[in-house]
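Visitor: I'd like a close look at one part of this model rather than a quick tour of everything. Could you pick a helix, walk me around it, and then show me a few other spots worth a glance?

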Amino acid sequence: MTVIYLIRHGETMWNREKRLQGHIDIGLNDIGHQQADRLAKSLVDKKISAIISSDLSRAIDTAKPIALHHQLELHLDPALRERHYGVMQGLSHQEIAEHHPENHQAWKKRDIHFQPENGESLAQFNDRVVTAIASWAKKYAGKEIAIVAHGGVLDCLNRAARKVSLDVARDFEILNASLNTLTYRDEQFDLVHWGDVNHLNEQGQPSKSLDEVDGSPR
């Protein structure tokens, strides 16, 4: 059995502005860097054998403090990127509704075969990320690994572990810099614990995490 610590990147300014980031390389804001540091400190006692990150900077900068604390090489995997939203990338939810109303409607309905121009469908995205994480879990079978990715990636893995269809409205939160624990065994993901952000409240500091997920409307 492989234990997977699945982590969403820290906060960005586009999270605050509710803009779809997708494959656009947006870095962490100051709060996001603080979240990454607190997250890394909370994992120092874990027996992590590998740390894998999306190759986008908001994920990399969240993963780096973890790699530093554990003195491990950081593996980058483009297959762990957020969903590609094509013409919708960089736009706020309101701008998508105004300029691409048909896209907005299909996105909000969680139409798994809806593919925005120059982008990928939810079904394609799900196949990409679930396959990638399963591959890493097999590579480090029987060990503990940390994977830092994006809100949409976490959405897919939660559903894979709970056997919930992609087109069902989301009934769980996906918070910035949250720690989520899954296992992988016999080609199956299982959910152990979800949405831990206790590390963000150290010394009375309020959590600034946002449940704003690219491509994962409730």
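Guide: What follows is a walk around helix α2, then a second helix pair and a few single residues. Keep in mind that this is a predicted model.

Let's start with the helix itself. α2 covers residues 30-42, so that's 13 residues by the DSSP run. From its first C-alpha to its last, α2 reaches 19 Å, close to the 18 Å expected at 1.5 Å a residue. Just ahead of that run sits N29, which caps the N-terminal end of α2. The capping contact is a side-chain oxygen of N29 lying 3.2 Å from the backbone nitrogen of I31.

Now for what's tucked away. The buried residues in α2 are G32, Q35, A36, R38, L39 and A40. If you're wondering about spacing along a helix, an α-helix has 3.6 residues a turn, so residues three or four places apart point the same way. As for what lies over those buried positions in α2, the cover includes two strands, β1 (2-8) and β5 (179-185), along with helix α3 (57-70).

That last neighbour deserves its own look. Two packed helices are described by the angle between their axes and the distance between the axes. For α2 and α3, the axes come within 8 Å and cross at roughly 30°. With angles under 35 degrees counting as roughly parallel, α2 and α3 are therefore roughly parallel to each other. The crossing of α2 past α3 is right-handed. On the α2 side, the contact is made by H33, A36, D37, L39, A40 and K41, and on the α3 side by D61, T62, P65, I66 and H69. Look back at the buried set and you'll find A36, L39 and A40 there, and A36, L39 and A40 also take part in this contact.

For another helix pair, try α6 (residues 122-139) and α7 (151-162). Their axes come within 9 Å and cross at roughly 75°. That makes α6 roughly perpendicular to α7. Here α6 brings F125, N126, V129, V130 and I133 to the contact, while α7 brings G152, V153, C156, L157 and A160.

Carry on past α7 and you get to S178, in the loop between α7 and β5. S178 has 1% relative accessibility, and because buried means under 20%, it counts as buried. A polar atom of the S178 side chain lies 2.7 Å from the backbone oxygen of L175. Leaving out residues up to four places away in sequence, S178 touches L6, I7, R8, L154, G195, D196 and V197.

Next, a pair of backbone oddities. R110, in the loop between α5 (101-108) and α6, has a phi near 60°, a positive value in a residue other than glycine. D186, in the loop between β5 and β6 (188-196), also isn't a glycine, and has a positive phi of about 50°. As for exposure, R110 is buried with a relative accessible area of 4%, whereas D186 is exposed at 67%.

One last stop is Q94, which lies in helix α4 (residues 93-99). Q94 is exposed, with a relative accessible area of 56%. Q94 and R19 are 75 residues apart in sequence, and their C-alpha atoms are 9.1 Å apart in space.

How values were computed
Residues numbered from 1 in each chain as written. Predicted model: local features only at pLDDT ≥ 70, side-chain atom pairs only at ≥ 80, totals over all residues. Heavy atoms only, no water. Helix = DSSP H or I, 4+ residues; strand = E, 2+ residues; numbered from the N terminus. Expected span 1.5 Å × (residues − 1). Buried < 20%, exposed > 50% of the residue type's maximum accessible area, 1.4 Å probe, protein only. Contact = heavy atoms within 4.5 Å. Polar contact = N/O pair within 3.5 Å; in protein donor to acceptor, adjacent residues only side chain to side chain. Axes fitted to C-alpha atoms, helices over the stretch in contact; angles between N-to-C directions. Parallel < 35°, antiparallel > 145°, perpendicular 65-115°, else oblique. Left-handed = near helix turned anticlockwise from the far one by under 90°.
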